[in-house]
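Good morning, colleagues. I should like to take you through one structure today, and I ask that you keep the display in view as I speak.

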Number of protein chains: 2
Amino acid sequence: MSHNPVTVIKVSSQSRPQKVAGAIAGVIREHGTVPVQAIGAGAVNQMVKASIIAASYLSVDGIEIETRMSFTDVPMDGKGERTAIRFEVYRKATEREELPSG
Amino acid sequence: MSHNPVTVIKVSSQSRPQKVAGAIAGVIREHGTVPVQAIGAGAVNQMVKASIIAASYLSVDGIEIETRMSFTDVPMDGKGERTAIRFEVYRKATEREELPSG
């Protein structure tokens with residue numbers, strides 16, 4: 001585990017879910033958790049799709065994820081703030097991991 | 001727990017998140033799990049908001065929930081089928097519940 005803070009993955013309505021899913025899966029493999037953020041219905045929809053696809057990518061490696069959702073206020077350059085949806089994606093601890101490998 | 005199958009809560013882009021959240025919280029309290037379904041970005045956005053609000057309603061009672069997301073194909077009357085997003089909302093088992101009360 002690195003001590004660097006994990007960057008928030010920002011999703012827009014134009015984001016490709018497969019690409020976002022790849023980014024989520026990559027950070028989960030390295031850090032075990034990743035925050036993902038979307039503003040607006042189109043972006044939230046892409047974020048949900050990306051989360052589902054990321055879960056399928058990671059399940060191939062026996063990694064299960066859990067998603068916690070919350071509202072968060074995001075400052076917009078000089079335009080006040082908007083409410084975003086934040087997904088906190090976590091790697092679940094599995095029994096398999098607690099056993100020594102081999 | 002009733003033996004009746006739990007009805008799928010269908011969310012549209014016009015659904016009020018607070019109302020859907022109330023329905024989710026009610027079924028979770030009774031059955032411990034509820035499927036929620038949305039088709040299209042506007043509906044998915046309302047479903048995500050409703051899940052967050054339901055989690056806050058239930059946390060007041062010390063109930064924690066977990067959401068699993070998946071794609072599902074839904075037949076449309078004579079118009080083929082569309083891909084919906086399905087949330088399976090679960091009540092988490094907590095240590096508190098395993099202790100006898102009082």
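I shall discuss the interface first, then one helix of chain B, and finally one residue of chain A. Please bear in mind throughout that this is a predicted model.

Let us begin with the interface. How many residues of each chain are in contact? Chain A contributes 18 residues, and these are in contact with 18 residues of chain B. The area buried between the two chains is about 1,500 Å², and carbon and sulfur atoms give 77% of that figure. On the side of chain A, the residues that lose the most area to chain B are A:Ile52, A:Met69 and A:Phe71, which together account for 37% of what that side buries.

I turn now to the polar part of this interface. The rule finds two salt bridges across it. One of the residue pairs joined by a salt bridge is B:Lys92 with A:Glu66, where the closest N and O atoms are 2.9 Å apart. As for polar contacts between chain A and chain B, the count is two residue pairs, both at pLDDT 80 or more.

Which elements of chain A supply the side that touches chain B? Helix H2 (41-59), strand S3 (65-75) and strand S4 (81-91) of chain A each supply at least two residues. The largest share, nine residues, comes from H2(A). By residue class, that side of chain A divides into nine nonpolar, six polar and three charged residues.

Next, helix H1 of chain B. This helix covers residues 17-31, 15 residues in total, and spans 21 Å from its first C-alpha to its last, close to the 21 Å expected at 1.5 Å a residue. Its buried residues are B:Pro17, B:Val20, B:Ala21, B:Ile24, B:Ala25, B:Val27, B:Ile28 and B:His31. What do these buried residues pack against? Their partners in chain B are strand S1 (9-11), strand S2 (33-38), helix H2 (41-59), strand S3 (65-75) and strand S4 (81-91). Just after H1(B) comes B:Gly32, with a positive phi of about 85°.

Finally, consider A:Glu88, which lies in strand S4 of chain A. Is this residue buried or exposed? A:Glu88 counts as buried because its relative accessible area is 19%, under the 20% cut-off. The side chain of A:Glu88 makes a polar contact of 3.4 Å with the side chain of A:Arg86. Leaving aside residues up to four places away in sequence, A:Glu88 touches A:Thr33, A:Val34, A:Pro35, A:Glu66, A:Thr67 and A:Arg68. Within that list, A:Glu66 is also the salt-bridge partner of B:Lys92.

Conventions:
Residues are numbered from 1 along each chain as its sequence is written. Chains are lettered from A and ligands numbered from 1 in the order in which they are written. This is a predicted model: local features need pLDDT of at least 70, side-chain atom pairs count only at pLDDT 80 or more; totals for chains, interfaces and linings use all residues. Side-chain values use heavy atoms; hydrogens and water are left out. Contact means heavy atoms within 4.5 Å. Buried area is the accessible area (1.4 Å probe) that two parts lose on being put together, summed over both. A salt bridge is a side-chain nitrogen of Lys or Arg within 4 Å of a carboxyl oxygen of Asp or Glu. A polar contact is a pair of N or O atoms within 3.5 Å; within protein, one must be able to donate a hydrogen and the other to accept it, and residues adjacent in sequence count only if both atoms are side-chain atoms. Helices (H or I, at least four residues) and strands (E, at least two) are DSSP runs, numbered from the N terminus. Ala, Val, Leu, Ile, Met, Phe, Trp, Tyr, Cys and Pro count as nonpolar, Asp, Glu, Lys and Arg as charged, and the others, Gly among them, as polar. The expected span of a helix is 1.5 Å times one less than its number of residues. Buried means under 20% relative accessible area, exposed over 50%, partly exposed in between (1.4 Å probe, protein chains only).
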